[in-house]
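Take a moment with the sequence and the 3D view before reading on. We'll go through it one piece at a time.

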Amino acid sequence: MLKDGWVDEENTIHFNEEDNFIIAEIRTSEGPLSGERISNISFSRKFDTCQPHDYIIEEGTTHLVYGLTQDPDVEGNDGVLTTGSGRVQLLKHPHQSPPLPSDVIVYEIVTPNISLTDAVTTYWCHSAQLPEMYNKHHIIRFEKIVEPGHEWLVHHIEAYQCDISDDDSYTSYSGPCSGTMNTQQSDILNKCKRVIAAWARGAEVSPSPSPQ
């Protein structure tokens with residue numbers, strides 16, 4: 001059974017008097033473990049239900065938090081058995097990405113192997129120098145590259161343009177975005193302030209707007 005509710009500032013669950021969602025399908029299948037059963041529930045709701053405590057679904061990444069309980073009529077947190085969370089993009093652009101032209105150049109920028117600490121969030125900066133190009137080129141698509149199995153670790157990727165003059169020397173850097181870099185590396189990253197592309201967990205391919 002699904003219940004419509006909300007969470008207050010004390011992280012306590014409250015149920016609404018009416019459910020503002022529609023169940024589309026409930027399916028049960030065999031799980032990977034012997035005797036395990038997995039339930040898949042598909043439901044829909046309006047982007048804006050006009051209810052005071054309901055979340056308005058907008059563009060960008062939505063943080064989903066769920067809780068499972070054996071007693072759906074018990075409010076509060078005492079009856080919750082399992083909780084979890086995830087990040088998804090619920091509101092997506094309906095248009096499909098246009099096909100890539102035959103002469104497209106694909107350039108991949110990846111960070112080296114990184115050992116994460118026990119910090120809640122690690123901000124990692126990695127600089128890369130594009131190949132020399134002697135005529136005008138356009139960036140037409142931006143996609144993420146995440147090693148399979150590590151999707152749950154990466155929640156944001158941002159690409160910055162570095163405004164470096166011909167008189168500046170390029171210095172590569174790959175490490176934490178603060179705290180451990182020397183003065184030269186810090187000076188280089190301080191020139192990389194213009195965001196040209198961004199990705200968040202749940203987002204799909206980001207094509208650039210077509211020229212008018």
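Which residues make a nonpolar surface patch of about 490 Å²? Turn the model, which is a predicted one, until you find Ile114, Leu116, Trp124, Trp152 and Leu153, since together they make that patch. Pick out leucine 116 from this group: it sits in the loop between β6 (80-88) and β7 (124-126). Leucine 116 has a relative accessible area of 47%. Buried would mean under 20% and exposed would mean over 50%, so leucine 116 counts as partly exposed. Keep those two cut-offs in your head, as they come back several times below.

Now zoom out to the whole chain. How many helices and strands does the protein have? There is one helix, and there are twelve strands. Reading from the N terminus, you go through β-β-β-β-β-β-β-β-β-β, then α, then β-β. The chain has 212 residues, and 13% of them count as buried. The surface that the protein exposes comes to about 17,200 Å², with carbon and sulfur atoms supplying 51% of it. What about contacts along the chain? Take those between residues at least 6 apart in sequence: 56% of them join residues at least 24 apart.

Let's follow one pair of strands. Strand β3 (residues 22-30) and strand β4 (residues 37-44) run antiparallel, and eight bridges join them. To see one partnership for yourself, find threonine 28 and look across to β4, where serine 39 is its bridge partner. Six residues lie between the strands of this hairpin, and glycine 35 takes a positive phi near 80° there. As background, most residues other than glycine have a negative phi.

With that in mind, go on to the loop between β4 and β5, where you'll find cysteine 50. Its phi is near 65°, which is a positive value in a residue other than glycine. Is cysteine 50 buried or exposed? Its relative accessibility is 66%, so it counts as exposed.

Isoleucine 57 also belongs to the loop between β4 and β5, but its surroundings tell another story. This residue has a relative accessible area of 12%, so it is buried. What is isoleucine 57 in contact with, leaving aside its neighbours within four places in sequence? The list is Arg45, Lys46, Phe47, Leu90 and Leu91. Take arginine 45 from that list: it is twelve residues from isoleucine 57 along the chain, and their C-alpha atoms are separated by 9.7 Å.

Next up is threonine 62, found in strand β5 (residues 62-69). With a relative accessible area of 3%, threonine 62 is buried. If you again leave aside the neighbours within four places in sequence, threonine 62 is in contact with Tyr55, Gly86, Arg87, Val88 and Leu90. Leu90 should ring a bell, as it is also among the contacts of isoleucine 57.

Finally, let's look at charged side chains. How many salt bridges are there? The count comes to three. One of them brings together the side chains of glutamate 25 and arginine 27, at 3.4 Å from N to O. Glutamate 25 has 37% relative accessibility, so it counts as partly exposed. Arginine 27, at 40%, is partly exposed too.

Another salt bridge is formed by glutamate 143 and arginine 141, with their closest N and O atoms 3.8 Å apart. Glutamate 143 is partly exposed at a relative accessible area of 44%, and arginine 141 also counts as partly exposed, at 24%.

That leaves the salt bridge where the side chains of aspartate 163 and arginine 194 meet, at 3.6 Å from N to O. Which parts of the chain does this pair link? Aspartate 163 is in the loop between β9 (156-162) and β10 (174-176), while arginine 194 is in strand β11 (residues 192-200), so the pair, 31 residues apart, links distant parts of the chain. Aspartate 163 has a relative accessible area of 39%, which makes it partly exposed. Arginine 194 counts as partly exposed as well, at 45% relative accessibility.

Methods:
Residues numbered from 1 in each chain as written. Predicted model: local features only at pLDDT ≥ 70, side-chain atom pairs only at ≥ 80, totals over all residues. Heavy atoms only, no water. Patch = residues over 30% accessible without salt bridge, like charges linked within 9 Å, V, L, I, M, F, W, Y side chains within 5 Å. Areas by Shrake-Rupley, 256 points an atom, 1.4 Å probe, with all protein chains shown as cover. Salt bridge = Lys/Arg side-chain N within 4 Å of Asp/Glu carboxyl O. Helix = DSSP H or I, 4+ residues; strand = E, 2+ residues; numbered from the N terminus. Buried < 20%, exposed > 50% of the residue type's maximum accessible area, 1.4 Å probe, protein only. Contact = heavy atoms within 4.5 Å. Pairing = 2+ DSSP bridges.
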